[in-house]
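Welcome! Take a moment to look over the chain below, then try the exercises at your own pace.

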Amino acid sequence: MARFDRQIQTALRLIAKNGEKVVWRQVTEGAPSDPSQPWNPGAPSNVDSDATICFLPVNKETRETFTFLRGTEVPKGSVLGYMGNVPFEPNLKDVVIRDGKELRISYIDLLSPNGQKILYTVLFQS
């Protein structure tokens, strides 16, 4: 038994209770179609995975915190999401499909004490 198993289960339980089922689309750039032009990638491939994310509006305090952490301003209308540990590696190139709408990711942070993945904090662009 790992040290933070109880916290991981608590995070997953609360996110499942208060969150929404979404599709996490992993976008992977394809290999260059022309080897003489490695800067020109081929067609991207998508892998869809199911995930549960608890969405929260970004209030003034949260916006100020992210502004401090990132060093840039967070636009009004941005949405914050919490996601428990998932069997894939989230990336800034990925997108989330929520109610048929595509949400672009602007920031991902991982709470991972002792190397155990507990919680992803994801900021979506407005």
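Two exercises with worked solutions follow.

This is a predicted model, in which local features need pLDDT of at least 70 and side-chain atom pairs count only at pLDDT 80 or more, while totals for chains, interfaces and linings use all residues. Residues are numbered from 1 along each chain as its sequence is written, and side-chain values use heavy atoms, with hydrogens and water left out.

**Exercise 1.** Find the order of the elements in the protein chain, starting at the N terminus.

*Solution.* Step one: list the helices (H or I, at least four residues) and strands (E, at least two), which are DSSP runs numbered from the N terminus. The protein chain has two helices and six strands. Step two: read them off in order, which gives α-β-β-α-β-β-β-β.

**Exercise 2.** Which parts of the chain does the salt bridge between Arg-98 and Glu-20 tie together?

*Solution.* Step one: recall that a salt bridge is a side-chain nitrogen of Lys or Arg within 4 Å of a carboxyl oxygen of Asp or Glu. The side chains of Arg-98 and Glu-20 meet this way at 2.7 Å, N to O. Step two: place both residues. Arg-98 belongs to strand S4 (residues 95-98) and Glu-20 to strand S1 (residues 20-30), so the pair links parts 78 residues apart in sequence. Step three: check exposure, where buried means under 20% relative accessible area, exposed over 50%, and partly exposed in between (1.4 Å probe, protein chains only). Arg-98 is partly exposed at 23% relative accessibility, and Glu-20 is partly exposed at 26%.
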